[in-house]
2 protein chains.
Amino acid sequence: MELHQLRYFCAVADTGSFSRAAEQSHVAQPSLSQQILKLEDELGARLFDRLGRSVRLTDLGKTLLPRARTVLRELEEAKGEVIERKDSAGGSVTVGVIPTVAPYFLPPVLASFTKKFPQARLTVVEEITPILLERLRAGTIDVAILALPIRGHEFEAWPFLTEPLFAAIPKRHALAKRRVLALRDLRKEPFLVLRDGHCFRDTLVAACDRARLKPKIIFESGQFSSLLSLVGADMGVSIVPEMAVKENTSCRYIRIGDEEATRTIGAVVLRGRSLSRAHRGFLALVRQEESGRRPTAAA
Amino acid sequence: MELHQLRYFCAVADTGSFSRAAEQSHVAQPSLSQQILKLEDELGARLFDRLGRSVRLTDLGKTLLPRARTVLRELEEAKGEVIERKDSAGGSVTVGVIPTVAPYFLPPVLASFTKKFPQARLTVVEEITPILLERLRAGTIDVAILALPIRGHEFEAWPFLTEPLFAAIPKRHALAKRRVLALRDLRKEPFLVLRDGHCFRDTLVAACDRARLKPKIIFESGQFSSLLSLVGADMGVSIVPEMAVKENTSCRYIRIGDEEATRTIGAVVLRGRSLSRAHRGFLALVRQEESGRRPTAAA
DNA sequence: TAAAAATACTCCATAGGTATTTTAT
DNA sequence: ATAAAATACCTATGGAGTATTTTTA
């Protein structure tokens with residue numbers, strides 16, 4: 001049973017004639033006849049009574065006709081829906097963001113995305129990097145915003161922002177008046193850092209390693225704001241990405257001058273995944289938004 | 001978009017792999033890949049993300065999957081229904097019968113039909129011959145029971161009963177003691193006959209013509225019972241088919257001996273019409289029923 | 001290296017075409 | 001005689017096969 005057979009069957013039922021059905025279907029009459037015969041053969045029963053002058057559905061044909069029409073109609077609908085959807089800016093985009101980026105980076109991007117793609121449903125989840133990568137693999141998020149680089153070339157990464165690191169120093173601290181610092185300048189200071197699992201901790205550890213610095217960690221937290229208020233209370237120093245600067249005004253932020261004392265943020269997708277228009281729109285927006293923002297953030 | 005493409009598509013979605021889908025579909029992997037590619041081409045979008053290790057539906061694929069399943073399922077249901085119905089003894093049979101046969105012939109046939117085909121719905125309409133033939137052509141009745149012969153070879157007729165004609169004579173009439181009569185014996189008698197339009201009138205007229213008899217018609221009615229009660233009241237004579245004999249006991253019934261003074265009843269269908277099992281069952285029953293009945297009726 | 005999908009080609013089954021016959025009007 | 005469907009036969013598209021390459025894990 002093939003689709004063209006059903007189409008021919010419906011055409012014959014509609015026109016009451018093999019010849020007219022063939023004409024309507026743009027095939028030769030014998031071709032159409034053959035296909036109807038074949039269909040009848042497969043079903044083991046006649047679908048039409050050939051009455052010389054005209055052709056009429058048998059009872060069996062009458063039972064098949066509405067079903068055949070249903071099948072053909074639903075096929076067209078399915079096709080139509082797919083073709084319509086593929087170009088639509090609708091659909092859903094699920095974005096995963098690491099916690100040390102989320103509060104600084106997301107608000108403007110989300111705002112302009114929902115403005116530019118009002119039909120799309122945007123979902124954001126905040127997770128640490130390994131969980132985001134796992135969810136990319138599992139397909140439960142479409143895009144991840146996180147610190148690069150990452151391992152595993154099943155992913156495709158688009159870096160769009162490299163930001164310097166800043167030392168957060170108590171206002172009264174001796175180093176507070178410097179315009180730039182080297183990490184080694186802080187080798188005697190007590191450090192307040194993010195808890196393990198947050199990738200920015202790894203960024204920091206890597207930078208310290210490069211500076212042959214073994215920081216004396218006296219406090220750990222899950223968010224910058226806690227660290228910074230303790231720095232303000234003269235408990236020690238911390239290192240934060242540019243994004244977190246001015247989170248707390250009770251301390252000074254001084255640029256770290258070390259080579260590679262930076263953090264790179266990027267968008268990551270699973271390699272080979274096809275991206276809907278909404279997905280691509282989100283990615284484009286992320287890059288555009290950031291390049292527009294960078295001068296401001298860097299000022 | 002072809003059915004096998006949808007089948008392959010569902011198979012890949014089910015198995016999460018082109019190779020396994022190909023195995024399950026009993027085709028080679030490249031063949032299946034080609035068809036999926038072709039389907040994606042036609043739709044203008046990817047249905048699967050090829051992730052090297054595994055294959056996963058895209059959002060578009062996810063929208064297509066349930067629709068593809070629906071189409072395939074409904075196709076199977078349609079096929080199943082047709083194949084089931086074609087061998088079933090169910091369905092409806094609409095039978096048309098001429099008025100001069102209906103009351104005598106139908107009751108036993110209907111009884112045994114409904115007994116033998118309880119699932120079938122039997123409908124009976126009573127009409128005169130030309131209307132029955134028209135309805136056969138229009139397909140509003142499946143079988144007609146009427147007097148043969150009929151004109152028009154768009155019909156197929158199965159004669160199953162040839163019955164002699166009887167003269168209905170008042171009991172006190174001079175001819176009432178004869179065992180057999182010739183039509184010419186009645187040439188002086190006043191005739192009571194069926195109204196024009198009833199085919200038995202034509203049967204009678206034809207028989208009279210053959211006997212060179214021009215009957216003096218003094219009364220016409222639409223049914224034998226009226227004629228016979230008037231015969232019983234000594235108003236004249238009538239000619240009836242064997243079926244109507246003993247309809248009224250106030251007159252004598254004497255066999256007409258003339259050659260061809262008979263009426264033949266047959267079943268008629270539109271030539272070329274396919275007959276369901278119920279139709280064929282009805283026709284078989286009609287013949288069988290009658291051959292069983294004839295000795296009784298003829299006794 | 002292994003496993004899976006894509007590519008390159010070959011083949012043949014069959015949908016579709018043309019010519020003709022059959023059938024019914 | 002005409003019109004419609006069936007039949008016979010031919011053609012060629014394209015679905016499916018085998019062999020191979022590419023890609024990714």
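A residue is taken to be near a molecule or strand if its C-beta atom, placed from the backbone, lies within 6 Å of it. In the predicted model described here, α3(B) gives the most to the surface near DNA strand D under that criterion, supplying five residues. Other elements also take part, for α2 (18-25) and α3 (29-43) of chain A, together with α3 (29-43) of chain B, each supply at least two residues of this surface. Of the 22 residues around DNA strand D, those that come nearest are S19(A) and P30(A) from chain A and A28(B), S31(B) and G52(B) from chain B. When sorted by class, the surface near DNA strand D comprises seven nonpolar, 11 polar and four charged residues.

The two protein chains were next compared with each other. A turn of 180 degrees, with a shift of 0.1 Å along the axis, lays chain B on chain A with an RMSD of 0.1 Å. The two copies are thus related as by a two-fold rotation axis. The same surface serves both copies, in that 100% of the contact residues of chain B recur in chain A. Among the residues of chain B, V71(B) comes closest to the rotation axis, its C-alpha atom lying at 2.8 Å.

The contact between the chains takes 37 residues from chain B and 37 residues from chain A. On the side of chain B that touches chain A, the elements that give two or more residues are β1 (48-51) and α4 (59-86) of chain B, and the largest share, 17 residues, comes from α4(B). By class, this side of chain B holds 14 nonpolar, 10 polar and 13 charged residues.

Within chain A, the assignment distinguishes domain 1, spanning 3-86, from domain 2, spanning 91-299, and the C-alpha centres of domain 1 of chain A and domain 2 of chain A lie 63 Å apart. Further along chain A, strand β3 (residues 92-97) and strand β4 (residues 121-126) run parallel and are joined by six bridges, with T94(A) standing opposite T123(A) in β4(A). Together with helix α5 (residues 102-116) of chain A, the strands β3(A) and β4(A) make a right-handed β-α-β unit.

Note on methods. Residues are numbered from 1 along each chain as its sequence is written. Chains are lettered from A and ligands numbered from 1 in the order in which they are written. This is a predicted model: local features need pLDDT of at least 70, side-chain atom pairs count only at pLDDT 80 or more; totals for chains, interfaces and linings use all residues. Domain bounds come from an automatic or database domain assignment. Copies are superposed by least squares on the C-alpha atoms of residues with pLDDT of at least 70 in both. Two residues are in contact if their C-beta atoms, placed from the backbone, lie within 7 Å. Helices (H or I, at least four residues) and strands (E, at least two) are DSSP runs, numbered from the N terminus. Ala, Val, Leu, Ile, Met, Phe, Trp, Tyr, Cys and Pro count as nonpolar, Asp, Glu, Lys and Arg as charged, and the others, Gly among them, as polar. Two strands pair if DSSP finds at least two bridges between them. A crossover is right-handed if, with the strands pointing away from the viewer, the path from the first strand over the helix to the second runs clockwise.
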